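Welcome! Let us walk through this protein together, starting with the whole chain and ending with one pair of helices.

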Amino acid sequence: MRSGNPALKESTFLDLGSGAVVTGNGQAMTLNGTVNKTGFLLLLTVLTAAFAWNQIEIGPRGQVSGAGLYLWGGLIGGLIMSLVTTFKKEWSPITAPMYALLEGFFLGAISSIFEARFPGIVIQAVMLTFGTLFALLAAYRTGLIKATENFKLGVVAATGGIALVYLASIVLRMFNIEIPYIHQSGIIGIGFSLFVVVIAALNLVLDFDFIENGVEQGAPKYMEWYGAFGLMVTLVWLYIEFLRLLSKLQSRN
């Protein structure tokens with residue numbers, strides 16, 4: 001089993017001492033349970049995102065006020081909860097909902113910022129995100145896309161490369177240096193965003209495969225929350241990348 005999602009990796013279902021698959025005491029992970037918990041996490045995210053959205057004021061010239069607290073609080077809090085959940089997966093029934101709530105504040109704030117500059121962009125990004133989710137789920141379930149070992153290796157390698165580029169961008173910005181082209185609305189910038197969107201989408205396939213493997217191996221019940229959390233991480237990434245891509249396209253108009 002392999003996933004480009006850092007929350008879903010090969011050792012997730014293994015006992016670190018024996019190397020054997022961790023099993024529950026009479027209660028095992030199910031696909032329906034994971035789907036239901038994913039829906040619950042999405043609901044929590046939407047609720048806090050809507051709250052943050054309504055608290056942020058947009059001026060007549062598109063200026064945004066009141067977004068900072070929700071943006072940085074949600075971003076940092078969500079990052080902390082994601083790390084806790086990743087390293088203490090048995091806590092995921094508590095930490096996964098907390099992650100969803102905090103991430104909702106971040107998404108509501110950043111969505112309002114994009115919407116102020118590009119009206120209508122948020123609904124487009126939401127539709128594209130869920131359209132991609134259901135399309136890839138259908139393709140996976142019908143066997144049109146198969147998570148072969150080579151497929152997994154390619155997606156993981158590309159995901160790692162993207163992470164390194166983003167990390168380098170953050171470090172260079174501390175010294176007022178920008179990586180040329182990729183963050184701009186030119187052909188190269190749009191092409192880069194398209195590539196990132198494709199890789200983020202393909203991570204969904206790896207996540208589907210990983211969750212299915214967990215169900216087949218009889219992982220403990222709390223892993224439903226952990227699997228739902230991992231899927232949420234990919235969906236948040238995909239949504240943000242759609243916002244970035246659409247903003248670049250609209251900047252050219």
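Among contacts in the protein between residues at least 6 apart in sequence, what percentage join residues at least 24 apart? In this predicted model, the answer is 83%.

With that in mind, take a look at the elements themselves. The protein has seven helices and two strands. If you follow the sequence from its start, they come in the order α-β-β-α-α-α-α-α-α, with one helix ahead of the two strands and the other helices after them.

Next, consider what is covered and what is not. The protein has 253 residues, and 45% of them count as buried. Its accessible surface amounts to about 12,900 Å², and carbon and sulfur atoms account for 67% of that area.

Now let us zoom in on two of the helices. Two packed helices are described by the angle between their axes and the distance between the axes. Here, helix α5 spans residues 149-173 and helix α7 spans residues 223-251. They pack at an angle of about 60°, and their axes lie 15 Å apart. That angle falls outside the ranges for roughly parallel, antiparallel or perpendicular pairs, so α5 is oblique to α7. The crossing of α5 past α7 is left-handed.

Which residues meet where these helices touch? From α5 come Thr-159, Ile-162 and Tyr-166, and they meet Trp-237, Glu-241 and Arg-244 of α7. Sorted by character, the residues of this contact comprise three nonpolar, one polar and two charged.

Notes. Residues are numbered from 1 along each chain as its sequence is written. This is a predicted model: local features need pLDDT of at least 70, side-chain atom pairs count only at pLDDT 80 or more; totals for chains, interfaces and linings use all residues. Side-chain values use heavy atoms; hydrogens and water are left out. Helices (H or I, at least four residues) and strands (E, at least two) are DSSP runs, numbered from the N terminus. Buried means under 20% relative accessible area, exposed over 50%, partly exposed in between (1.4 Å probe, protein chains only). Contact means heavy atoms within 4.5 Å. Accessible areas come from the Shrake-Rupley method with a 1.4 Å probe; for residues, only the protein chains shown count as cover. Axes are lines fitted to C-alpha atoms, for helices over the stretch in contact, and angles run from 0 to 180 degrees between N-to-C directions. Angles under 35 degrees count as roughly parallel, over 145 as roughly antiparallel, 65 to 115 as roughly perpendicular and the rest as oblique. A crossing is left-handed if the near helix is turned anticlockwise from the far one by less than a right angle, and right-handed if clockwise. Ala, Val, Leu, Ile, Met, Phe, Trp, Tyr, Cys and Pro count as nonpolar, Asp, Glu, Lys and Arg as charged, and the others, Gly among them, as polar.
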